[in-house]
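Work through the exercises below with the sequence and the 3D structure open beside you. Try each task before reading its solution.

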Amino acid sequence: MSDSKLKEATRQYAIRLGDDALVLGHRLSEWCSNGPFLEEDLALTNVALDFIGRARMFYSYAAELAADGSTEDTYAYTRDCREFSNLLIHELPRGDFAFSMARQYLVDVYNLAYMEALRTSADGTLAAIADKAVKESRYHLRRSHDWMLRLGDGTDESRQRLQRAVDELWGYTPELFASDALEQGLADAGIGVDAATLRAAWEQAVSATLAEATLQQPAGDWEVSGGRRGLHTESLGHMLSELQFMQRAYPGLQW
Amino acid sequence: MKTEFTQAELEQLEARFQARIDAEEKIEPKDWMPAGYRKNLVRQISQHAHSEVIGMQPEGNWITRAPSLHRKCVLLAKVQDEGGHGLYLYSATETLGVSREELIEALHEGVAKYASIFNYPALTWADIGAIGWLVDGAAIVNQVSLQRTSYGPYARGMVRICKEESFHQRQGYHIMMTLARGTAEQKAMAQDALDRFWWPSLMMFGPHDAESAHSAQSMKWKIKRQTNDELRQKYVDQSVRQAEVIGLTIPDPALKWNEARGHYDFGEIDWDEFNRVINGNGMCNRQRVAHHIKAHEDGAWVRDAIAAYESKKSRRAGAAAAQGEMSCQTI
Amino acid sequence: MSDHMKLFEVFIRSRRGLDHKHVGSLHAEDAQQALEYARDVYTRRSEGVSIWVVNSSDIVASQEGDCESFYDPLDDKPYRHATHYQLPEEVNNM
């Protein structure tokens, strides 16, 4: 890849990772004042803040690479559904507490491994963001892993809810490990992560936790993907109409 | 600890208690205290705690719509702080022997009150500015005073809360300032928010001293350190200048500097409105409590699950320990 | 919550070299969860480098009634305090 092509690919890549973090952070932020008890409300908010903070770093880097006067907010607030490139699992509505925790666990295992790999990126900025993200993800994973056990091995109701959540989420997990030409190119250049290499370890860790939590591993007989190409579930459009309400109602103003 | 006392003993204890208060000594959880003092404290601290927790809702309603990522993070952190402050205050109440569960039940049954300001809706982004500037501003005036309250755990909670809250008012004012310096439409939005939140924020200090049911006794016990009217005056005095600096107008034609008093004179609060909202007929009373009840009920199965998990875990640990002992014996 | 969960007291060391100081309490199911919530509840502004959590019911506290026998005997030993000893000005920073 030529330098300018590589730069543009890196910018796209930063936007993707920013989208993943923002969309998940937004879903988590919806828990604020809705948690099952006050301590958990505060903890969930901390995780939400970590992800939104992560999105800001990736977007700011994308804006820096673009050098066209755009900012982190340009990416968050002025793009519509088809331009958002997050993996689908992040955008699914928060559901009940079991659903949010199951999703969190599945992506935390992934994120920790992903960010550990990105830490060695040839791109210094991406590596620095990943370095910070690794610390956060370690904490996130400890939390969500504990919740998997508590809910899975808790009451009948909690196990049923958690099982249902895992079943509903499972078909969105293969997308985590897919990659396209852009990501392949960046992985070859030592800048991006080849997610496929993380799959075996992820499956092993998740299987072990599901077993410990007395849950059945879903059959894996369906899967949906498309986020990186801007093909989303319908829920994302509604999320964006809320997220971007102010920019849509009062375009271009500073707040 | 002895709990039954003769009348003479009781009087002696009360005299000693009051002497301690008069000497500015703090009362700590294990100290003897008059039943009325305890009751009064539980009422005030739990009301304060509920206000923090219910107060998460009007602002929480804008987290998902905040206009920039920076503002979103600030708001999220602020609302989270409110939850934390509620938690500190529930903790302080628990030192008086009342559990958080009981307090929440009282809130759901409508027995316990919270600040009436949170029954007003946050309709525009400017309202988030107005809430930070005015509502947190009023709360801080009250809380700074309460750092010297006579009950130790409450006073320490207040110190912690005041330290954390200084950013709350400043971020709200910053939002208002940005709007006031923005387009005509933005400035109008800011003025409208000030118009709607000014009077309710004055009501936060409660009824006039002469009409306040708990005031005199609370002052004597130093649960409260300054009266409702003193605190309200202080708040008005500081707010006038803040509004001027950003070119907004406080919606009170009677507002005028009184050279002789060294304070601003201001108009009379609409006490009918105050009573209406306190008695459950504000714009959002029903939704606020319903929201809290729903979150609490939706969380019941989660709380049950962790309790079940925990008891399984300790049973397993117990069984493992028993197993361990047996194998020791075999050896 | 308090129908199930236990009450824990939280102590935080704000800087290396300082004592752990009591900051408040919280509800959690076990000590590990209490530790994690303590981080979220009491160190949101990096207030700590180390956290202790203690089951509230494990704290043994002196009682009001014991006060006289507990503390008063210590009141009459002023010779334990540095200020008890009047020394010449030149060496008084001892």
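**Exercise 1. Count the salt bridges between chain C and chain A, and find the atoms of one of them.**

Before starting, note that this is a predicted model, in which local features need pLDDT of at least 70 and side-chain atom pairs count only at pLDDT 80 or more, while totals for chains, interfaces and linings use all residues. Residues are numbered from 1 along each chain as its sequence is written, chains are lettered from A and ligands numbered from 1 in the order in which they are written, and side-chain values use heavy atoms, with hydrogens and water left out.

Step 1. Apply the rule: a salt bridge is a side-chain nitrogen of Lys or Arg within 4 Å of a carboxyl oxygen of Asp or Glu. Between chain C and chain A this gives two salt bridges.

Step 2. Look at one of them. The side chain of E36(C) meets that of R142(A), with 3.1 Å from N to O.

**Exercise 2. Describe the contact between chain C and chain A.**

Step 1. Count residues in contact (heavy atoms within 4.5 Å). Chain C contributes 12 residues, and chain A contributes 12 residues.

Step 2. Find the buried area, which is the accessible area (1.4 Å probe) that two parts lose on being put together, summed over both. For chain C and chain A it is about 1,200 Å², with 52% on carbon and sulfur atoms. On the side of chain C, the residues that lose the most area to chain A are E36(C), Y37(C) and D40(C), together 44% of what that side buries.

Step 3. Count the polar contacts (pairs of N or O atoms within 3.5 Å; within protein, one must be able to donate a hydrogen and the other to accept it, and residues adjacent in sequence count only if both atoms are side-chain atoms). Five residue pairs across this interface qualify, both residues being at pLDDT 80 or more.

Step 4. Assign the residues to helices (H or I, at least four residues) and strands (E, at least two), which are DSSP runs numbered from the N terminus. In chain C, β2 (20-28) and α1 (31-42) each supply at least two residues of the side that touches chain A. The most come from α1(C), with six residues.

**Exercise 3. Work out how the strands of chain C are arranged.**

Step 1. List the elements. Chain C has two helices and three strands, and from the N terminus their order is β-β-α-β-α.

Step 2. Find the pairs; two strands pair if DSSP finds at least two bridges between them. Strand β1 (residues 6-13) of chain C is antiparallel to β2(C), over eight bridges. One of the bridges to β2(C) joins F8(C) to L26(C). β1(C) is also antiparallel to strand β3 (residues 50-55) of chain C, over six bridges, where R13(C) has S50(C) as its partner.

Step 3. Inspect the turn. Six residues separate β1(C) and β2(C) in their hairpin, and G17(C) in the turn has a positive phi of about 100°.

**Exercise 4. Decide whether E310(B) and V277(B) are buried or exposed, and list their contacts.**

Step 1. Recall the cut-offs: buried means under 20% relative accessible area, exposed over 50%, and partly exposed in between (1.4 Å probe, protein chains only).

Step 2. E310(B) lies in helix α13 (residues 300-330) of chain B. E310(B) is buried because its relative accessible area is 11%. Apart from neighbours within four places in sequence, E310(B) contacts K6(C), E29(C) and D30(C).

Step 3. V277(B) belongs to helix α11 (residues 271-281) of chain B. Its relative accessibility is 6%, so V277(B) is buried. With neighbours within four places in sequence left aside, V277(B) contacts S116(B), N119(B), Y120(B), G282(B) and N285(B).
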